[in-house]
Amino acid sequence: MSLLDQIEKENDIKKLSREDLPALAEEIRQFLIEKVSRTGGHMASNLGSVELTIALHLCMDLPEDKIVFDVGHQSYTHKILTGRKDGFDNLRQLGGMSGFPKGCESDCDAFDTGHSSTSISAALGLAIAAKMQRQMDPSVHAIRVAAVIGDGSMTGGMAYEALDAAAQLRAPLVVILNDNEMSIGKNVGGLSKAMNRIRVGRQYNELKNDVENALMSIPSVGPQITKGIKRSKNSLKNLLVPGMFFEEMGITYVGPVDGHNIEDMIATFERAFRLRKPIVVHVKTKKGYGYPPAEKYPERFHGTGPFDIETGELKAPRVKTFTDVFAKTMLELGEKYPKLVAITAAMARGTGVRAFQKEWPGRTFDVGIAEQHAVTFAAGLAKQGMLPVVAIYSSFLQRAYDQILHDVCLQKLHVIFAIDRSGLVGEDGETHQGIYDTAYLDEMPGLTVMSPRNGAELKLMLEFAVTLDGPVAIKYPKGNSLDKPKENIPRIVFGKSTILYDSESEDLRAAAESAAAGKAADELTDDIDENRVITFLAVGNMNQTALDAAKLLHDEGETVRVVNARFLRPIDEEMLAAVADDSKIFAVIEEAVSHGSFGEAIGYKLMERGIRVPYMHICIRDDIVSHGSVSALREKLGLTPEAVVERVHEELRKKN
């Protein structure tokens, strides 16, 4: 039996001998490589945190003790050690195990995460609640609480707000800083280890407190002597101790510790938990550790699709994406507009900003995981006459809601928001689905909002956006750009939609052909007029769904029209009046939640204008959408062409 097979539930790892732990770490790595190569997932961060997670599990009793993983990209080993090994066969698939911590999966997942820089705040809440409950009832067991946060997430301001609060509250909280790229402090070898052992030791801390109390009790001069000693002590710390930033906040800093040495981490974690105060343990790990392709290309293996283990190459063929189109267009616009600058929040590669960054490093700003700062920084740039493009994923941009409103829109500043991953994202699940952006963007005064149906239209919209005056948002989905060779894309006209498909014109052509065969064309035309039209008004990539549904309905003898909205704000009211008048069914199709949606706004406009037409809104009715492939989720949510046709059939049956 392998070591991994001996772990069926939480705390089973404690049955293994210490000598077995390196071999267990290797088994876990090989297991992760094999499973993720089939399903895809977050690879590099998980490979780098295997030993760290093993050490934490050996120092804690789950689920009573609490581990909060920031974002959750590095929680795979934790899932294995809490008895969910079998779940990796369906990792991130519809109905399968999530790639992030989920309390509904296991009580050992102390807090659901998915966005960065939240772990310390959540862990602090858990620690303070447990402390208060123990004060109310001394029989309550004192628990250990740890927040595991990466160096990238430490660029988010929320992490420092939480650290400041932890110091103020003197919370019994251990923060594990998993540093797999950015160096905070230089490892000074034996001296650093010796100082760490001393500074987290019980005798040292008790002696330090006793001496300080004794000095403070000396009449008149006690406080001055204590202050002078502290000043001298801090000067020595600045020379010898990394992480003085944390120390100045009132939080004990320990590290760096070798994140691939299980014994060193166990010893450090155990002493840190015993102190029952806020401590930052700085652990140095290597992203992608143990798998050469991931070590060499950690960013590419941050989140990966299924891949070939031997080569590390993706199994699925590479297709041109909306992000690729954005990247190429930004290069062209950068050449034409010298004042154009790009801003990203630690996602230069993911958003397509990397190409612009290589060409114009001085005009590219990666602000780290700090979306609020990114937006207000862009506002300042725009105020001074620059042309900023802020490229952020939909689900991350919502973190800067206040800044979009107060700092950009109320000042009517020309900031362009390139909102990637709008709509269903898929396997990353609830925290990453970009299905709420229409709702929060609709509230922004003066914001122009566009959504392209394919990559060619995205290019036109970006070119159009730089010519506008005021804030602009362009939201586009993850994945295939849906471009067709030599397709003619009409130019962008402010606030105007376009008709993509009108089966009536095809029927009239058929009528002309029939007339030549002896049947009166006006007779066929009268039939068409009596039938009236099923109109689809579609947003973004849902235009393809609408086109496919329209062709199915046309094959059934229906007259169908597809209108590409293009603009969500302002609404093309002239189009509404024109197409709703001859529609027997008017349907809006969008990949967004219903509340605050484009379809909801269209419904209000129809009522305001007194347009009476059977109205359908085909959208996402579930407020929370779990993980799974985009195709599987669309089928589940009724966003396939076949599902749209069935909805139309239901409406027609009601009319009859």
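Here are some questions and answers about the inside of this predicted model.

Reader: Which residues have the most contacts inside the largest nonpolar core?
Author: Let's start with the general idea: in soluble globular proteins, nonpolar side chains tend to be buried together. Here the largest such core has 54 residues. The ones with the most contacts inside it are Leu24, Ile54, Leu56, Phe269 and Val281.

Reader: And which helix gives the largest share of this core?
Author: Look along residues 21-39 for this one. That stretch supplies eight residues of the core, its largest share, and it is helix H1.

Reader: What does valine 281 touch, leaving out residues up to four places away in sequence?
Author: Val281 is among the core residues with the most contacts, so it's a nice one to click on. Its partners include a run of Val174, Val175, Ile176 and Leu177. The others are Val254, Val257, Thr268, Phe269 and Ala272.

Reader: How many residues are in the second core?
Author: This core is separate from the largest one. Among its members are Ile404, Ile419, Leu568 and Met575. Its count is 49 residues.

Reader: What covers the buried residues of H18?
Author: Helix H18 spans residues 401-409, and its buried residues are Gln403, Ile404, Leu405, Val408 and Cys409. One of them, Ile404, also belongs to the second core. The cover includes helix H16, helix H17, strand E9 and helix H19.

Reader: Is threonine 321 buried or exposed?
Author: Thr321 sits in the loop between helix H12 and helix H13. Away from its sequence neighbours, threonine 321 is in contact with Gly479, Asn480 and Ser481. Its relative accessible area is 13%, and the cut-off is under 20%, so threonine 321 counts as buried.

Reader: How much space lies in the largest cavity?
Author: The whole structure has six cavities of 30 Å³ or more. In the largest, 13 residues form the lining, and the closest to its centre are Ser422, Ser451, Lys475, Asn541 and Glu591. The lining has four nonpolar, six polar and three charged residues. The space inside is about 100 Å³.

Reader: Which strand gives the most to that lining of the largest cavity?
Author: Try residues 583-593. They give three residues to the lining, and they make up strand E16.

Reader: Which elements each supply at least two residues of the lining of the second largest cavity?
Author: That cavity holds about 60 Å³ of space. Its lining includes Thr438, Leu441, Lys475, Leu568 and Phe598. By class, the lining divides into five nonpolar, three polar and three charged residues. The elements you're after are H19, strand E15 and helix H25.

Note on methods. Residues numbered from 1 in each chain as written. Predicted model: local features only at pLDDT ≥ 70, side-chain atom pairs only at ≥ 80, totals over all residues. Heavy atoms only, no water. Core = buried A, V, L, I, M, F, W, Y, C linked by side-chain atoms within 4.5 Å. Buried < 20%, exposed > 50% of the residue type's maximum accessible area, 1.4 Å probe, protein only. Helix = DSSP H or I, 4+ residues; strand = E, 2+ residues; numbered from the N terminus. Contact = heavy atoms within 4.5 Å. 1 Å grid on protein atoms, 1.4 Å probe; cavity = no way out; pocket = protein on both sides within 12 Å on 5 of 7 lines; lining within 4 Å. Points joined across faces, edges and corners; volume = space filled by probe spheres on them. Nonpolar A, V, L, I, M, F, W, Y, C, P; charged D, E, K, R; others polar.
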